[in-house]
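Trainee: Please give me a close look at one part of this model, the contacts between side chains. After that, carry on to whatever else helps me picture the fold.

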Amino acid sequence: MKLRFLFAAALLSLPLASAQIAGDPAAFKTALGLPGASDTFSYDGAEVRTETLGGLLYKVRYQGAPEDYATAGDVIAAAIGEAGIKEPFVDWMKQNGAGIAARKEPVSVGLGDGYTLTFQPGDTLAFVVAPIEVPPAAFGEPRHVLGSGPVTIREYSDFECPACQALFNRALAQIKARYVETGRARFEYRHFPLFEIHKQAVPAAEASECAAAQGAFWTYHDALFEEGVGNYVGLAKQLDLDVGRFADCVANRTYRDVVEAHRAEADRLGLRGTPSVFVGPFLLPNPFDVDSYDRYLRMAAAQDER
């Protein structure tokens with residue numbers, strides 16, 4: 001059994017631009033002041049073990065004194081590349097450490113936007129820092145696919161979301177050029193309409209499915225991000241779709257169940273917002289960092305070979 005806790009908002013919102021998970025293992029050790037250390041080493045009395053995947057840092061295992069939260073915080077900060085996480089972690093552990101220690105099963109804690117911290121039962125403070133990883137069976141059937149590479153990049157998105165539009169404007173073309181068009185990955189779009197805050201999110205998603213029925217999902221996808229939501233039939237006309245068929249599809253909400261199924265999938269995965277991007281089984285901490293896709297593709301490919 002695993003419980004899932006969330007750290008305080010201050011911890012979750014810290015930027016993680018220089019994360020060492022999915023990076024060079026040597027950089028993690030250097031951050032602790034231990035260049036040249038082996039995969040298992042001592043740090044201020046605690047035992048630290050690293051695991052690699054595709055030659056990149058995959059997991060960090062820690063075992064130390066029960067209430068030495070400061071040393072544990074150093075290791076966590078080095079693992080995710082964010083020194084500012086140490087103090088919130090120590091404060092959180094002072095409030096929750098005793099309860100975690102009393103449990104008889106692992107306890108999983110959300111750490112930042114792309115990591116988990118899993119505490120192991122026992123008399124010591126023991127945990128594993130790892131990327132958020134989802135088994136392939138948890139994802140739905142492929143839909144709206146570009147490319148045919150061996151690893152799937154999945155974007156969970158909302159057509160009314162400003163951050164999703166920013167990803168489209170700033171990164172999507174580079175992602176396609178570097179990874180999809182070169183055959184390293186295929187790209188899938190999944191609907192995650194945040195209808196609680198975006199009134200047009202569901203109508204826009206349903207309209208895109210109506211366009212998909214005419215073989216025009218990606219051109220309609222691009223038009224929605226370029227032109228904005230709301231003018232659904234007008235966009236269909238601009239794209240030379242069968243407007244009558246499209247208008248009937250939208251009015252009848254023909255693809256309502258499809259969009260709802262995508263949203264339910266995102267909820268089951270525990271996604272907290274849009275855009276959320278997976279590379280293979282791994283949730284990217286920062287989908288705007290185009291270079292990070294390369295590293296996670298390496299880990300995903302290595303995972304597939306296991």
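**Side-chain contacts, up close**

Mentor: Happy to! Start with Glu196 and Arg263, whose side chains form a salt bridge with N and O 2.7 Å apart. This contact bridges distant parts of the chain, since 67 residues separate the two: Glu196 is in the loop between strand S10 (185-191) and H6, while Arg263 belongs to helix H10 (residues 256-268). Keep in mind throughout that the model is predicted.

Arg263 is worth a second look. With a relative accessible area of 12%, Arg263 falls under the 20% cut-off and therefore counts as buried. Arg263 also forms a salt bridge with Asp267, where the closest N and O atoms are 3.1 Å apart. This second contact is a local one: Asp267 and Arg263 are four residues apart in helix H10, so about one helical turn lies between them. An α-helix has 3.6 residues a turn, so residues three or four places apart point the same way. Asp267 is partly exposed, at a relative accessible area of 40%.

How many salt bridges does a search of the whole structure find? The total is 16. Another of them pairs Arg295 with Asp289, at 3.7 Å from N to O. Both partners are partly exposed, Arg295 with a relative accessible area of 25% and Asp289 with 23%. Elsewhere, Arg154, Glu188, Arg190 and Glu265 make up one network, joined through salt bridges that share partners.

Arg295 takes us to helix H11 (residues 290-305). With 16 residues at 1.5 Å a residue, H11 should span 22 Å, and its end C-alpha atoms are 24 Å apart, so the two values agree. Buried residues in H11 include Val290, Tyr293, Tyr296, Leu297 and Ala300.

Now for the sulfur atoms. The count of disulfides comes to one, and the pair is Cys210 and Cys249, with the sulfurs 2.1 Å apart. Their link is left-handed, with -85° about the S-S bond. Cys210 is in helix H6 (residues 201-212) and Cys249 in helix H9 (residues 243-251), so the bond ties together parts 39 residues apart in sequence. Both ends are buried, Cys210 at 3% relative accessibility and Cys249 at 11%.

Why is there no bond between Cys161 and Cys164? The sulfur of Cys161 has that of Cys164 as its closest cysteine sulfur, but at 3.0 Å, which is too far for a bond because the cut-off is 2.5 Å. Cys161 is buried at a relative accessible area of 5%, and Cys164 is buried at 1%.

Finally, a pocket. The second largest pocket has a volume of about 230 Å³. It is lined by 20 residues, and the closest to its centre are Pro66, Gly97, Ile100, Ala101 and Thr124. Helix H4 (86-101), strand S6 (115-120) and strand S7 (125-131) each give two or more residues to the lining, with H4 providing the largest share, five. By class, the lining has twelve nonpolar, four polar and four charged residues. H4 also holds Pro88, which is partly exposed at a relative accessible area of 23%. From C-alpha to C-alpha, Pro88 and Gly73 are 8.9 Å apart in space, with their positions 15 residues apart in sequence.

Conventions:
Residues are numbered from 1 along each chain as its sequence is written. This is a predicted model: local features need pLDDT of at least 70, side-chain atom pairs count only at pLDDT 80 or more; totals for chains, interfaces and linings use all residues. Side-chain values use heavy atoms; hydrogens and water are left out. On a 1 Å grid over the protein atoms alone, a cavity is a set of points where a 1.4 Å probe fits but cannot get out, and a pocket is an open set with protein on both sides within 12 Å along at least five of seven lines; lining residues have an atom within 4 Å of a point. Grid points are joined across faces, edges and corners, and a volume is the space filled by probe spheres set on the points. Ala, Val, Leu, Ile, Met, Phe, Trp, Tyr, Cys and Pro count as nonpolar, Asp, Glu, Lys and Arg as charged, and the others, Gly among them, as polar. Buried means under 20% relative accessible area, exposed over 50%, partly exposed in between (1.4 Å probe, protein chains only). The expected span of a helix is 1.5 Å times one less than its number of residues. A salt bridge is a side-chain nitrogen of Lys or Arg within 4 Å of a carboxyl oxygen of Asp or Glu.
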